[in-house]
Structure formats: C-alpha cells, structure tokens
Amino acid sequence: MQVAPAVEIRHLAKSYRRGGQVVPVLTDITLDIQRGEFTALMGPSGSGKSTLLNLIAGIDKPDSGVLRVAGLDITTLNEGELADWRARNVGFIFQFYNLMPVLSAYENVELPLTLTNLSRAERRDRVEFTLGMVGLADRMDHHPSELSGGQQQRVAIARAVITDPQLIVADEPTGDLDRQSAADILAMLQRLNAELGTTIVMVTHDAQAAKTARRLVHLEKGELIVEPRVT
Amino acid sequence: MHALKLILRNALRHKIRTGLTVFGLFVAVLAYGLLQTVIDAWYAGAAAASKTRLITRSSISLAFTLPISYEARIKGVEGVTTVARSTWFGGIYKEPKNFFPQFAVSGNYLDLYGEFLLPDAERQAWMRDRRGALIGRQLANQYGFKVGDVIPLRGSIYQGEWQFVVRGIFDGADDTKITRHMLFHWEYLNEWLAQRPARRANQTGVFIVGIDAPERAADVSRKVDGLFENSVAETLTETETAFQLAFVAMSNEIIAAIRVVSYVVILIILAVMANTMAMSARERTAEYATLKALGFGPGFIALLLFGESLAICAVGGGAGLWATPHAAAAFKQTAGSIFPIFAVSQATVIAQALCAATVGVTAAIVPAVQAARVRIVEGLRAVG
C-alpha cells in the first residue's frame, strides 16, 4: 500500500485583494512533499513562498485547488477544526521566534501541551526533555528577554516539536540571527529531521541556509519554476 | 492555569499604565460610592420615618401655623392614639454656620418617638424646667454639650436672646437615627408669644399624629383634613415619610445633578479602561496570532482580554470599595453638620461592585472581539 505524501498540493491558487485589485500570489501550484523530507522553499521577495508555507500550515486558505496533509484535505476544514488540526499536527518556527514574553522558556514550550490531555507531570517530563535536547536545560526559568536570539529560536524549536507534530513549518528561522546562531539552528533542524524523521518545510531566501535542506523548491512570481530533488 | 498566568502577567506588563488605570478605577468607584452615599444621606430622614406617625400642617405652606384648638378634634378621629405639637424655632447658636434644628414641642412629643431613648430621670428633669431642653447625642458630641449646660440661641423667627438649659441627652435606637437636634417646651415659646402683640400665640407649626396601624394612614389623613375643610386654616395630613420627602424634593435638582455626576464618573473610567484594553490588545496582536496558530481558539484569546480587564477592575474597584467607608467616615467628621447620617449602605456597595464589573466587561468587549477575530497571517505581520 502506497503511503500518502506528507503534503500533496494540486493546482493551488491564492490571491489577495489590495485596494480593490485582485493580486494573484500563487497560481496553479502542484507539489508533493514526502514524509520525512526537509524541504526549503526559496524565491525572491513577493514570490509567494511564505504564502505557500501559510497554506501548508493551515493558517491561511487557498482560493482553489487541493491541499492534503497526510492524506487530509485541510481546505475542507472550518476554523475550529483547523485550529485543532494545527495543534495536533503542525509545529511552527517563526523568524522573530514569537515567544510569549511574559512566560518563561519552560512555560513557552509547555504552552502547546496545555491543549492536550497530558497530566502536569507528563508535561513536565516532556518539556524538560525537549529543552535539554535543544541545549537549554539550564535556562528553563529564563524569560525571552533574558535569552539571546539563538536561544530564543531554540526555545521556539522546542515549542514546535513538543507535541511531536507530523510537520514543522519554519518561516525564515535564521533571518534574525547571526551567522553562528543561524548555523546552530540549521544544524538542529537537520538533526530533528534525521533523528525524528519529522517533515520540515522551511522558507528561506538564504542560499546557504537552503543547502541544509534535502530538497529545494523555487518559487518565482507565484509559480513553481524548478524542483530539483536532492538525494 | 496557563490562562490565569497569562492574564495576570499581561496585566502587569506595563506597570505604570496598569497602575494609573487601577488608580483611576479606585478614584471612580470611590467617588461613585461617596456620591451615592450623599444621595442616601439626603433621604436618610425619610428612610428613618415611622409608618405610624402622620404630620398635619397648613395646606397652604409650612410657613403657616395651625391653631392648637385643632388638637382635641384630631384626637377624636378614630385610629388616632396621640397628638403632639411641634414648631420650628430657627435659632442661631453663636454663628449662623453652627446650624442645628430646634423644635418647640409638647411634653408628650417623645411618646411618639420611641426611637429616641432618654432616661426617665432626665425626662422628668426636663418636664420640671420651663427653660429645659433635650438634645440629641450627635448634637451633644458635636458641640460638647452636657447636662446642665446653658445653650444660648439668637432667635431669627422669634427674635430675641434665648437661653435653654440642657436637661437630658437622648440617643438614637440605632445608627440610622438622626440625633442632631434640640427639643424644648412649646409652652415656653407660647408664653413668650403671648406677651407679644402680634397674636401668634396658641399656634403650632405642625401636629404629629400617632395612629394605631400603618394601614389606616390614608383613612385617618382624609378624616383629619375633612374636619377642617373650608375653615380659615385648612390642613394637609400626610405620612411622615411623605412629609420628609417633600423637603427632599426641594433639592431634587441638586440630587439629580449628583446622580448624573456619579454616572459620568463611571462613564469616564469606562472610556479610560476601554482605551487601556484597546492599546493592550493592539500591542499583542502578533502574540494572539501566534496563539491561534498554535491551536488556541478565539474563545481563549477573548478570555485573556476579559480576564485582564476584570483583574484590573477587581483591584481598582476592590480598593475603591475598601476605601469608601473610611472616606465616608472622614467626610462625616468634616461635614457632619450637613449630613448627620452618612453611612455607606449595602446597596451602594453592591452598586459599586457592579459598576466595576460592568466597566471590566464592557471595556474588553471590542478589543476581545477584534483580537479573537484577528487573521493569523495578518496578525503575525503586526508589529507590537
């Protein structure tokens, strides 16, 4: 029996309305991302790569086309169902980390788990393990303002993987980091992909960062122009 | 648990802003409570009025007196138990600012006012002394009067220098009774009037009519007034409550203004609170979008804002509630001559709490709805 791709996109289109004008962002995108694949979406500004990532992550809706994640057509889900689906299946890594500034590293990582039925003790075990995995076991009680950019992004990675999602979406995860921190973060994503087999889709405009991925997908003016598969 | 943590920590994010909002709420709830207490104080006399006492006065105006010959005829009305006389004296103690009410009353006056407690010995001493006076405890405390003291009054209606000897001090049966007045013998005033040529003797300001059952008040009033229909001095008999309210009605515009101001104070703090919550929600748009991306629903986002708003209102409103009785006590110390009864009622406390809660909920409605509806993609682009 053939296993469904992690992400299956068919004839996907998305446009925005700006000042009464309809601006197409994505036109007729067809793409498969296999389970366990680490894919980099590249392209110039305005090419639609972040829009495609948002659609894959279920935080935006396409105008037309089919978008299946692990066999489920998420375009048919309503807002509430999409929220539940994201909580169970998607981990998010943002360019500016998007941590809750009033919560400690521990509490930020624990946040997605509060939507599950795990007990307090189970949550604690998982959070401590995951923060240890990203090298922040000794910074659990620190608030984001007390952490460096690289450390904050590591907290964000821990938050993204804490629920063991099928898919991790990363939008310019190294865009706000210095070279060394960026390299550390990319290495960590690579390790997650290799060791846990998590499917990762990363948007980046940094060619160096894109090399970390096993596959590159180029977008230009809303169209998929080349799709070399890295082996 | 996480929601509570987020609510409390978000509330403390901008300490100065939250502090100022809490202070504003404190002042508003306190001001509202004090203004409502002022209104209550205005009605205190009416609230303490007895249902078994009627007041018979001239139907033209209180400024007109009634002949004491009416007394016997009123006594003859079925349901009437006692009839006492009372005349407003209007004397000045040293300075006009030292205002307190004085009444020339008949000896049986206190029989109708069981809520004023006077030792028998002092009542006997008063009955024996033509110039004797009885004073209430609040009045005695205010000026330090004690039994045996002479109170000099300068008559404004009954012009001349008057001297009264304190023969007794009466207490109120409870804290709601006003005891800031002085009683002296109606006969003493009448003797003085009899010696004057203006023929003002043998008159009384009002008759206080005791009845045997409150439900007979309307019937007795009608019968009493019927006795004097088409006479030179027609009467108007009403319950003591109605009589007191007629005085309050003279200040209706002032009371209405105070009431309006008390509501305006709440409206102002509502606007301030709504602004605070709107600013907070706008600054955290990206955070709310992140929470939604992580799977938290719009209800959770709304809960955070309502919770924060209510938490701020609970602290500010709670402080206001706590401070109101203390402020009222201080106000009574300085303005006791105007409002002898100035106590924060339970109804006022409940109204204050409701105002604070209403402000908390109302101020958060628009920001909460906007935050709950924020589109994730747009919210993530927002700069706080």
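E8(B) and strand E9 (residues 160-172) of chain B pair up antiparallel over six bridges. A hairpin of four residues links E8(B) to E9(B), and B:Pro152 sits opposite B:Gln163 in E9(B). All of this comes from a predicted model, so read what follows with that in mind.

E8(B), spanning residues 150-155, has another antiparallel neighbour: strand E4 (residues 91-92) of chain B, joined to it by two bridges. In that pairing B:Gly91 faces B:Gly155 of E8(B).

## How chain B is laid out

Chain B splits into domain 1 (2-44 + 252-381) and domain 2 (60-233). Measuring aside, the computed gap between the centres of domain 1 of chain B and domain 2 of chain B, taken over C-alpha atoms, is 48 Å.## Helix packing

Two packed helices are described by the angle between their axes and the distance between the axes. Here is how three pairs look on those terms.

| Helix pair | Axis angle | Axis distance |
|---|---|---|
| H2(B) and H11(B) | roughly 165 degrees | within 9 Å |
| H2(B) and H14(B) | about 145 degrees | 10 Å |
| H5(A) and H6(A) | about 15 degrees | 9 Å |

Start with helix H2 (residues 15-42) of chain B and helix H11 (residues 252-283) of chain B, whose axes cross at roughly 165 degrees. That angle makes H2(B) roughly antiparallel to H11(B). The crossing of this pair is left-handed. On the H2(B) side, the contact involves B:Arg17, B:Thr21, B:Gly24, B:Leu25, B:Ala28, B:Ala31, B:Tyr32, B:Leu35, B:Gln36, B:Val38, B:Ile39 and B:Trp42. H11(B) answers with B:Ile255, B:Ile258, B:Arg259, B:Val261, B:Ser262, B:Val265, B:Ile266, B:Ile269, B:Val272, B:Met273 and B:Thr276. Sorted by class, the contact of H2(B) with H11(B) holds 16 nonpolar, five polar and two charged residues.

H2(B) also packs against helix H14 (residues 346-373) of chain B, at an angle of about 145 degrees. This time H2(B) passes its partner H14(B) in a right-handed crossing. From H2(B) come B:Leu25, B:Val29, B:Tyr32, B:Gly33, B:Gln36, B:Thr37 and B:Asp40. From H14(B) come B:Thr348, B:Ala351, B:Gln352, B:Cys355, B:Ala356 and B:Val359. The contact of H2(B) with H14(B) breaks down into seven nonpolar, five polar and one charged.

Over in chain A, helix H5 (residues 149-161) and helix H6 (residues 179-196) pack with their axes 9 Å apart, at about 15 degrees. H5(A) and H6(A) are therefore roughly parallel to each other, and H5(A) passes H6(A) in a right-handed crossing. H5(A) brings A:Gly149, A:Gly150, A:Gln153, A:Arg154, A:Ile157 and A:Val161 to the contact. Meeting them in H6(A) are A:Ser181, A:Asp184, A:Ile185, A:Met188 and A:Leu192. By class, the contact of H5(A) with H6(A) counts five nonpolar, four polar and two charged residues.

## The sheet in chain A

Chain A has an open sheet of four strands, ordered E2-E1-E4-E5, with antiparallel pairing. At the edges sit strand E2 (21-33) and strand E5 (72-73) of chain A, each pairing on one side only.

Now for the individual pairings. E1(A) and E2(A) run antiparallel and are joined by nine bridges, with A:Leu12 standing opposite A:Ile29 in E2(A). The hairpin of E1(A) and E2(A) has two residues between the strands, and there A:Gly19 takes a positive phi near 55 degrees.

Strand E1 (residues 7-18) of chain A also pairs with strand E4 (residues 64-69) of chain A, again antiparallel, over five bridges. Across that pairing A:Arg10 lies opposite A:Val66 in E4(A).

## Where the chains touch

Last up is the contact between the two chains, to which chain B gives 17 residues and chain A gives 17 residues. On the side of chain B that touches chain A, the elements giving two or more residues are helix H1 (2-11), helix H12 (285-294) and helix H15 (376-381) of chain B. H12(B) supplies the largest share of that side, six residues. As for chemistry, the residues of the side of chain B that touches chain A divide into eight nonpolar, five polar and four charged.

Key:
Residues numbered from 1 in each chain as written. Chains lettered and ligands numbered in written order. Predicted model: local features only at pLDDT ≥ 70, side-chain atom pairs only at ≥ 80, totals over all residues. Contact = placed C-beta atoms within 7 Å. Nonpolar A, V, L, I, M, F, W, Y, C, P; charged D, E, K, R; others polar. Domains from an automatic or database assignment. Pairing = 2+ DSSP bridges. Axes fitted to C-alpha atoms, helices over the stretch in contact; angles between N-to-C directions. Parallel < 35°, antiparallel > 145°, perpendicular 65-115°, else oblique. Left-handed = near helix turned anticlockwise from the far one by under 90°.
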